[in-house]
Amino acid sequence: MQSRIYKVEKVHVEALTGIPENPPAFAVSAAGVVTSTGWTHPVLAPWMYIVPPKDRILDLDFLARAPSGISLPVLAPITVTQAFHVPRWVKGFRIHSATNAVEAPLDGASQKALEKAGEGMPLPWPFPWWRPELENFDRK
């Protein structure tokens, strides 16, 4: 079972260049701590929105799979990096853990590139199973 990690310590956002798809993609890296050894499969899970939030910050949960066997009860580091295509309204990311949340705003160049991009993603966003290359795939 996946659970939020104990604490987020650092978040870094970087625009991915050279990707021809629209809208632009961003690599989000987060570092934090968990309460024991043995945590695996860290992921950043985006929140689903019907209407974009007023602060224009995309919320992500920092999740990992808790240990199922014997583990040492120590504060252990955990990191994750994940790429996201984001809609135009995003001006930053907020990573949530069990005890805190850390924000990382987009830099000026990234914000300008995002504003120039088209609307892009289909609604509602994001659907992890939607893949542009599979839209015209004929299933027989």
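Glu9 is found in strand β2, which spans residues 7–16, in what is a predicted model. With a relative accessible area of 46%, Glu9 is partly exposed. Beyond its neighbours within four places in sequence, Glu9 is in contact with Ala31, Gly32 and Val33. One of these partners, Ala31, lies 22 residues from Glu9 along the chain, and the C-alpha atoms of Glu9 and Ala31 are separated by 5.7 Å.

Strand β2 belongs to a chain that has 8 strands and 1 helix. Read along the sequence, the elements follow the pattern β-β-β-β-β-β-β-β-α. Among the contacts in the chain with a separation of 6 or more, 73% are accounted for by residues 24 or more positions apart. The chain comprises 140 residues, and buried residues make up 37% of them. Its accessible surface comes to about 8900 Å², and carbon and sulfur atoms contribute 58% of that area.

Asp59 was examined next. Strand β5, formed by residues 57–65, contains Asp59. The relative accessible area of Asp59 is 5%, below the 20% limit, and the residue is therefore classed as buried. Two polar contacts of the Asp59 side chain can be described. In one, the side chain of Asp59 meets the side chain of Tyr49 at 2.7 Å. In the other, a polar contact of 2.7 Å joins the side chains of Asp59 and Arg94. Both Tyr49 and Arg94 also appear among the residues in contact with Asp59 when its neighbours within four places in sequence are left aside; the list is completed by Ala45, Pro46, Trp47 and His96.

Aromatic side chains were also considered. The count of aromatic pairs in the chain comes to 3. In the pair formed by Phe84 and Phe93, the ring centres are 6.5 Å apart and the planes stand at 40°, so the arrangement is tilted. An angle of 40° between the planes is neither under 30 degrees, as required for a stacked pair, nor over 60, as required for an edge-to-face pair. Phe84 is buried, with a relative accessible area of 7%, and Phe93 is likewise buried, its relative accessible area being 0%. Together with Phe26, the residues Phe84 and Phe93 form one aromatic cluster.

How values were computed: Residues numbered from 1 in each chain as written. Predicted model: local features only at pLDDT ≥ 70, side-chain atom pairs only at ≥ 80, totals over all residues. Heavy atoms only, no water. Helix = DSSP H or I, 4+ residues; strand = E, 2+ residues; numbered from the N terminus. Buried < 20%, exposed > 50% of the residue type's maximum accessible area, 1.4 Å probe, protein only. Contact = heavy atoms within 4.5 Å. Areas by Shrake-Rupley, 256 points an atom, 1.4 Å probe, with all protein chains shown as cover. Phe/Tyr/Trp six-rings, centres within 6.5 Å; stacked < 30°, edge-to-face > 60°. Polar contact = N/O pair within 3.5 Å; in protein donor to acceptor, adjacent residues only side chain to side chain.
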